[in-house]
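User: Could you take a close look at one part of this structure for me, the charged side chains? I would like to know where they sit, how they pair, and what surrounds them.

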Amino acid sequence: MIKNEKFEEISLMHDLFSRVADAFNILAKHLAQYIVNEGNKLVQDDKLKHDEFVAQIISLREKMLSI
């Protein structure tokens, strides 16, 4: 959902999870792992030039902040 920018669906999922105990802890753990994985993909991509790398990192940050 994050990759496809399905923020409305994420909002609905948030409402659903708010009804389940400890659901946000689990969600936060998986979201953190997603962010680390996406960041690592960018770091390991040898084809990215420095300015492209910085732009992609900023884009990832902005996407995560919009959630």
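Analyst: Happy to. One definition to begin with: a helix here is a DSSP run of H or I with at least four residues, and helices are numbered from the N terminus. Please keep in mind that this is a predicted model.

Let us start inside helix α2, which covers residues 23-44. Glutamate 38 and lysine 41 both belong to this helix, and they are 3 residues apart, about one turn of it. Their side chains meet in a salt bridge, with N to O at 3.0 Å. In general terms, side chains of opposite charge can pair when their charged atoms come close. The two partners differ in how they are covered. Glutamate 38 counts as buried because its relative accessibility is 16%, under the 20% cut-off. Lysine 41, at 47% relative accessible area, is partly exposed. Beyond its neighbours within four places in sequence, glutamate 38 is also in contact with Lys3 and Leu60.

How many salt bridges does a search of the whole structure find? There are 2. Besides the pair in helix α2, arginine 61 forms a salt bridge with glutamate 62, and here the closest N and O atoms are 3.4 Å apart. Glutamate 62 has 44% relative accessibility and therefore counts as partly exposed.

Now for a charge without such a partner. Lysine 63 is found in helix α3, the helix that spans residues 50-66. Lysine 63 is buried yet has no salt bridge. Glutamate 5 is the nearest side chain of opposite charge, 4.3 Å away, whereas a salt bridge needs the side-chain nitrogen within 4 Å of a carboxyl oxygen. Glutamate 5 is still one of the residues in contact with lysine 63 once neighbours within four places in sequence are left aside; the others are Ile2, Lys3 and Phe7. Lys3 deserves a second mention here, as it is also in contact with glutamate 38.

On the surface, the picture turns to like charges. Asp45, Asp46, Asp51 and Glu52 gather there in a patch of negative charge. Within this group, aspartate 46 lies in the loop between α2 and α3. Its relative accessibility of 74% is over 50%, which means aspartate 46 counts as exposed.

The loop between α1 and α2 holds another acidic residue, aspartate 22. With a relative accessible area of 53%, aspartate 22 is exposed too. Its backbone is worth a look as well: phi is near 65 degrees, a positive value in a residue other than glycine. For background, most residues other than glycine have a negative phi.

Finally, helix α1 covers residues 7-17. Glutamate 9 sits in this helix and is partly exposed, with a relative accessible area of 38%. From glutamate 9 to valine 20 there are 11 residues in sequence and 17 Å in space, C-alpha to C-alpha. Serine 11, which carries no charge in this account, gives another reference point in helix α1. At 39% relative accessibility, serine 11 counts as partly exposed. Its C-alpha atom is separated by 27 Å from that of leucine 42, 31 residues apart along the chain.

Technical notes:
Residues are numbered from 1 along each chain as its sequence is written. This is a predicted model: local features need pLDDT of at least 70, side-chain atom pairs count only at pLDDT 80 or more; totals for chains, interfaces and linings use all residues. Side-chain values use heavy atoms; hydrogens and water are left out. Patches are made of residues with over 30% relative accessible area and no salt bridge: like charges are joined within 9 Å, nonpolar side chains (Val, Leu, Ile, Met, Phe, Trp, Tyr) within 5 Å. Accessible areas come from the Shrake-Rupley method with a 1.4 Å probe; for residues, only the protein chains shown count as cover. Lys and Arg count as positive and Asp and Glu as negative; His and the chain ends are not counted. The place of a charge is taken as NZ of Lys, CZ of Arg, CG of Asp or CD of Glu. Helices (H or I, at least four residues) and strands (E, at least two) are DSSP runs, numbered from the N terminus. Buried means under 20% relative accessible area, exposed over 50%, partly exposed in between (1.4 Å probe, protein chains only). Contact means heavy atoms within 4.5 Å.
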